[in-house]
Amino acid sequence: DGLVVSEKVNSNNIDVKIPKSELEAEEKVAEEERPRESDSSILDLSSDYPRDKHISIQRHLADLEKLADLREDERKLCPLCPEEKFRACYGHKLHRHLQNLHWKVSVEFEGYRMCICHLSCRPVKPNLVGDQTLSKLGAHYHCIICSATIVRRTDMIGHVNRHVNKGETESRFITVRAPKSSCKVVKESATDVQVLPNHSTPQKTDSYFNPKMKLNRQLIFCALAVLAGERKPIECLDAFGATGIMGLQWAKHLRSSVKVTINDCNENSVTMIKENCHLNKMKVKLNLREEDHDETVGNGEENSDTIEVTKMDANVVMHLRSFDFIHLDPFGSSVNYLDSAFRNVRNLGIVSLTSTDISSLYAKAQHVALRHYACNIVRTEYYKELAARTIIAAVTRAAARCNKGIEVLLAVALEHFVLVVVRVLRGPTPADNSAKKVRYLIHCQWCEERVFQKEGNMVEENPYHQLPCDCYGSMPGKTAVLLGPLWSGALFSTGFLRRMLLEAVQHGLDEAQSLLKTLLCEAECTTLKHFSTHGPGDENKQEECGVYIRTPDTPAESYLVHGKRKSQEFLRSTAKRQRPEHSAEHPPFYYNIHRHSIKGMNMPKLNKFLNYLSEAGYRVSRTHFDPMGVRTDAPLAQFKTVFRKYSTPTYVGAQAEGPVRLPGDIQVGEEVPAAAVIQVEKAALADGEPAVFAQSYPTHCAAA
């Protein structure tokens, strides 16, 4: 007992004398804590079974029986049930219990069976008395991947499928993406990115990549290229990187003109972004929120282009730093990120946002649009433009809260997305001017005539008088509805679209070129035949595909202003540059010729009808919102008058297309004798059209 053992502590080289009796007591306790050989043999059932899995996960029923060590002469407990639930019994009864209660209701995954477990692995809620020991032990499953406990079998199957879709198929839960063998490389615009097999399903993957959004990425790239030509270098942010393809395209084609930052809050996406940067021979600058320092990783040949990759919430990164160009492309609505985007964006910078919540924007879920955008909308013939103006109104209010105004550069609404690109103008005056353009819209539900409500705070006695139609007087009940608030200003900037078209031509973006030409025609409200983007005083012109493109006369160096505060002289020159080139904005909204077609009549070809309206003295153009839409400043009554004049009866199959001659000297807009149009009025009322418009029908059409 008096023996003393001397040990040396490695940390500080101090000799500590410990009695031998205390050492023997510690060794005895350690031996008791070690697992018995029988227990270790039970765990080591087969060489292919990993030890880190729960005992309820087995390959064969025989392996599950080995856990109980079945013997005919001994009573054994169920390894997956507590004693109070299933008492010890002989082998034949325990075999039947394991097979019927555990094995048959198991979930299979890659050769393993996740059997149901009744042990106290899952924490249960206390009963009403508060005694947890008397609580009922719930049955559950143990996930083979992440060791989570799931109660229901159907939920367990869905839980495992989500792991598979995310590429998390390792034996235990590790926050890394799938092996490289399961990824494939996709190339777009000379940029290679790795994507997961389920990259097109945003709900089930961390790295969403949609090939159908190629046009959207090209338009955003052209907008960034135009801004890069104004001032260099610019700091741009892709707030939702996913695979990082958009930021990689910016850095690869614009090179030193931009400083790209790709952000994503998902760790798997950040890992894939870094690998895609290395795949395109780009340097990566890590700026993770968990780290206190930045790390630069280079791969491949030396390249001066560096992409900064951040892992944090999009609102956080936009609050911490200032950017010249911000792109928001979340899954769904982007209204939750507008306040952060406009808080630190620099003056004359650009904010672009892509919204994919088309079910609410296209008035399929009107209550969701009211909740997200505080806007009342209904399904109309111009629902796509209504969606774009809804988003711009939300953007205007968010910018005004930060004392900033906006200039809408581009608004595109297609089948899968709505893209809005705005320029930020700092100051209370631009903010007030932009806020004044957010108005309500009066929409007639009978003839679909529409007009923005007049400015002012005074309550109008009869707002129906603002509508050009007289449906309120001729039809029973209330015929109009108030929509909005909506953006009432222009949706396009002609000068900015010209420069975007120039960038699209220089970089060979064919899909964007055709759309930008349509947008230019729509911005100027002219047909493609009369389309021209050059003026008599333009000095720098370039012709591509039969279209004249004017390059900006102001050199890029004039946009460079050092220091955060601008002088008053620079602000005055900036205001002059921001004035629209054309005083007359394009008319709001459009008409669909199919919605206003006449039963029993062949409507004219769209291009010919545009010429007819232009000859009548109205501004007219096609629109990208609707392939059969016509944007014009003509009232709906005159629109239908010209439309009916050049329609032909269906029975005249071989008649050449052209205007239908009215009897005598009756011209468009004049009344036709009532005796000749009684049948036409009935047909118009049967089609759901006001009788007042039936007066413009040709007389021989009524006889037909």
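Let me begin with two helices in this predicted model: the axes of helix α16, residues 494–506, and helix α17, residues 510–524, come within 9 Å and cross at roughly 165°. Because an angle over 145 degrees counts as roughly antiparallel, α16 is described as roughly antiparallel to α17. The crossing in which α16 passes α17 is left-handed.

If you would like to find this contact in the structure above, look on the α16 side for Thr-494, Leu-497, Arg-498, Met-500, Leu-501, Ala-504 and Val-505, and on the α17 side for Ala-512, Gln-513, Leu-516, Lys-517, Leu-519, Leu-520, Ala-523 and Glu-524. What kinds of residue make up the contact of α16 with α17? They divide into 10 nonpolar, two polar and three charged.

Let me turn now to the strands. Strands of a sheet pair through backbone hydrogen bonds, and the pairing can be either parallel or antiparallel. Here we have an open sheet of three strands, in the order β3-β5-β4, and its pairing is antiparallel. Since β3 (57–58) and β4 (107–109) stand at the edges with a single partner strand each, one side of each is left without a neighbour in the sheet. Strand β5, residues 112–114, pairs with β3 in the antiparallel sense over two bridges, and Gln-58 stands opposite Arg-113 of β5.

Finally, a word on an annotation: UniProt, in an unreviewed entry, lists residues 143–163 as "domain: C2H2-type". In the model, the end C-alpha atoms of residues 143–163 lie 10 Å apart, and the span is 52% helix and 10% strand.

Definitions and conventions
Residues are numbered from 1 along each chain as its sequence is written. This is a predicted model: local features need pLDDT of at least 70, side-chain atom pairs count only at pLDDT 80 or more; totals for chains, interfaces and linings use all residues. Side-chain values use heavy atoms; hydrogens and water are left out. UniProt positions are given in the numbering used here, feature names are shortened, and annotations may be inferred rather than shown by experiment. Helices (H or I, at least four residues) and strands (E, at least two) are DSSP runs, numbered from the N terminus. Two strands pair if DSSP finds at least two bridges between them. Axes are lines fitted to C-alpha atoms, for helices over the stretch in contact, and angles run from 0 to 180 degrees between N-to-C directions. Angles under 35 degrees count as roughly parallel, over 145 as roughly antiparallel, 65 to 115 as roughly perpendicular and the rest as oblique. A crossing is left-handed if the near helix is turned anticlockwise from the far one by less than a right angle, and right-handed if clockwise. Contact means heavy atoms within 4.5 Å. Ala, Val, Leu, Ile, Met, Phe, Trp, Tyr, Cys and Pro count as nonpolar, Asp, Glu, Lys and Arg as charged, and the others, Gly among them, as polar.
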